[in-house]
Amino acid sequence: MKVVKFGGSSVADAGQLQKVKNIVTSEDNRRVVVVSAPGKRYSGDQKVTDLLIKLGESIQHDQVDHEVYKMIVDRFQSMVDELNLPLNVLEEVRKRLEYSMEQVQKKEAKAIDSLKSCGEDGTALILSAYLRQEGYDSSYVNPKEAGILVRDEPGGALVLEESFDQLYRLRERREILVIPGFFGYTPEGTLVTFSRGGSDITGSIVAAGLQAELYENFTDVDSVYCVNPMYVDRPKELTSLTYREMRELSYAGFSVFHDEALIPAFKAKIPVCIKNTNNPSAPGTMITADLPDRDSHVVGIASDKGFLNLYVSKYLMNRELGFGRKLLQILEDEGVSFEHAPSGIDDMSVVLRDHQLPPEKEEVVVGRIKEELKVDTVIIERDMAMIMIVGEGMNQTIGIASQAACAFREADVNIEMINQGSSEVSMMFGVKTEGLADAVQSLYRTFFE
Ligand SMILES: Nc1ncnc2c1ncn2[C@@H]1O[C@H](COP(=O)(O)OP(=O)(O)O)[C@@H](O)[C@H]1O
Ligand SMILES: N[C@@H](CC(=O)OP(=O)(O)O)C(=O)O
């Protein structure tokens, strides 16, 4: 059995849903389908999830944005109309949307999550109705019925172990099951969403629970490329990757697959294949535990903007027992989560996502560091970008760092920070955001051309 997930671009309109139906029904073993909310139909369009968030915010400010509400309903209505589905399908979608809006109005706990889930929920209702209309036995399965149990956490829900056994029971069902992605339920019955892009996580959880032979993740590109196609025109396609490589790459900016989505599939040893809804015959990228035969040691260059570097220095820091712990404790106390923490003899840098430290919080954190740790210097450097080069073979290959350093020199971009870290498969570089594109392009030329 295969679990098949379709991302926002794959379910953006009725035409895309027809492609989804063709893909699902072209193989008997594509039996469980996970869907996202309708994504962008063209550049400049809005994702339904973004519209739902806007709608929720307007309700919270006691000014329901009727225009946004209409845009959401119109998205679903045009699907229902173009697929000639009965009107009661749209009525059901609308009923659920209005129920969640009421929850937000009443300021119920997690009501915004409930509203955010309406995009995925509506798509699943429409797709299952469409499959039935086309003569296939299909049911909509709510994540509660499926048994997707989660714990509510600040950055997004985390799956609970008991989900996997519950999901296994779905193997007995014979029809095509359509499950909305992006959310689960706490054991107390509250709907909670995963972090943004989290339908990939649902797909992986479902594939692991069902012990599927394959988790197919359909998107809008033929494969995972070795670099974000935003920076390089038609970059090299990757036919295979290991779980570790993909996890590092998606964490560091390959937004094609959610970085948290690999863990359930990896633990259950389910291979993942990234494929294109608009070109399903292309082989895609296989992600497995096995290291494939390949010549190159670097397989991908991932990058992301929106970081800051919190730099502290103190003479004899190396001798001060517990300095690092105390610094990180201040961040924890203030609810700030960090990404990396490379350190030197008298210096330590902590790399954070920029939004973790808004100006008010910066003042408190910097004040506490100065007062409690008696440091010589504390500097916050914003506008930072991180570049990660990744490959299983890197740790046994001499000269990768020097090749990378030459690439930065050729691009005339200063390396602000290097962190080989504990991961054997990656090396990270911090640069100023303005130099990011040039640096990535130069690294691409060095390692792939
Ligand atoms: N290394 C990469 N390889 C392929 N696509 C990438 C990569 N890095 C970023 N992307 C972007 O990821 C997009 C697909 O992911 P996403 O927008 O989440 O799709 P979906 O709509 O299927 O959820 C691609 O269109 C591409 O722009
Ligand atoms: N719709 C949700 C979850 C998701 O996975 O979306 P997408 O498949 O478009 O990345 C979001 O926008 O975050």
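This section describes the domains, ligand surroundings, selected helices and individual residues of a predicted model.

The protein is divided into domain 1, residues 2–288, and domain 2, residues 300–448. Taken over C-alpha atoms, the centres of domain 1 and domain 2 are separated by 33 Å. The contact between them takes 16 residues from domain 1 and 18 residues from domain 2. On the side of domain 1 that touches domain 2, helix 10 (residues 243–251) gives the most, with four residues. The residues on this side of domain 1 comprise nine nonpolar, three polar and four charged.

Two ligands were examined through the residues that surround them. Ligand 1 is surrounded by 17 residues, of which Gly-7, Ser-9, Thr-219, Asn-228 and Val-256 are the closest. The shell around ligand 1 divides into six nonpolar, ten polar and one charged residue. Ligand 2 is surrounded by 15 residues, and here the closest are Gly-7, Gly-8, Ser-36, Thr-49 and Ser-199. In the shell around ligand 2, two residues are nonpolar, ten are polar and three are charged. Gly-7 is thus listed among the closest residues for ligand 1 and for ligand 2.

Helix 1 covers residues 14–25, and its twelve residues should span 16 Å at 1.5 Å a residue; the end C-alpha atoms are 16 Å apart, in agreement with this expectation. Its buried residues are Gln-16, Leu-17, Val-20, Lys-21 and Val-24. Seen down the axis of helix 1, these buried residues fall within an arc of 145°, and therefore line one face of the helix. Gly-15 and Asn-22, on the other side of helix 1, are exposed. The buried residues of helix 1 pack against three strands and two helices: strand 1 (2–6), strand 2 (30–35), strand 6 (176–180), helix 3 (66–82) and helix 6 (118–133).

Helix 2 runs over residues 48–60. For its 13 residues a span of 18 Å is expected at 1.5 Å a residue, and the distance of 18 Å between its end C-alpha atoms agrees. The buried residues of helix 2 are Val-48, Thr-49, Leu-51, Leu-52, Leu-55, Gly-56 and Ile-59. Because these residues cover an arc of only 155° around the axis, they lie on the same side of helix 2. They pack against helix 3, helix 4 (87–105), helix 5 (111–116) and helix 6. Thr-49, buried in helix 2, also belongs to the closest residues around ligand 2. Just after helix 2, Asp-62 takes a positive phi of about 60°.

Helix 15, formed by residues 436–448, has 13 residues and reaches 18 Å from its first C-alpha to its last, close to the 18 Å expected at 1.5 Å a residue. Leu-436, Ala-439, Val-440, Ser-442, Leu-443, Thr-446 and Phe-447 are the buried residues of helix 15. Viewed down the axis of helix 15, they fall within an arc of 165°, so they line one face of the helix. The elements that cover these buried residues include strand 15 (300–313), strand 18 (377–390), helix 14 (400–410) and strand 20 (426–432).

Two further residues were considered for their surroundings. Phe-164 is found in helix 8 and is buried, because 21 other C-beta atoms lie within 10 Å. Not counting residues up to four places away in sequence, Phe-164 touches Ala-208 and Gly-209. Phe-164 and Ala-207 are 43 residues apart in sequence, while their C-alpha atoms are 9.2 Å apart in space. Glu-175 is placed in the loop between helix 8 (162–168) and strand 6. With 14 C-beta neighbours inside 10 Å, Glu-175 counts as partly exposed. Its contacts, not counting residues up to four places away in sequence, are Asp-137, Ser-138 and Ser-139. Glu-175 and Pro-235 are 60 residues apart along the chain, and 39 Å separate their C-alpha atoms.

Backbone angles were also examined. Most residues other than glycine have a negative phi. Asn-84, although not a glycine, has a positive phi of about 55°. Asn-84 lies in the loop between helix 3 and helix 4 and counts as exposed, with 9 C-beta neighbours inside 10 Å. Asp-383, likewise not a glycine, has a positive phi of about 60°. Asp-383 is found in strand 18 and is partly exposed, with 15 other C-beta atoms within 10 Å.

Methods
Residues numbered from 1 in each chain as written. Chains lettered and ligands numbered in written order. Predicted model: local features only at pLDDT ≥ 70, side-chain atom pairs only at ≥ 80, totals over all residues. Expected span 1.5 Å × (residues − 1). Buried ≥ 20, exposed ≤ 12 C-beta atoms within 10 Å, placed from the backbone. Arc of directions from axis to C-beta. Contact = placed C-beta atoms within 7 Å. Domains from an automatic or database assignment. Nonpolar A, V, L, I, M, F, W, Y, C, P; charged D, E, K, R; others polar. Near = placed C-beta within 6 Å.
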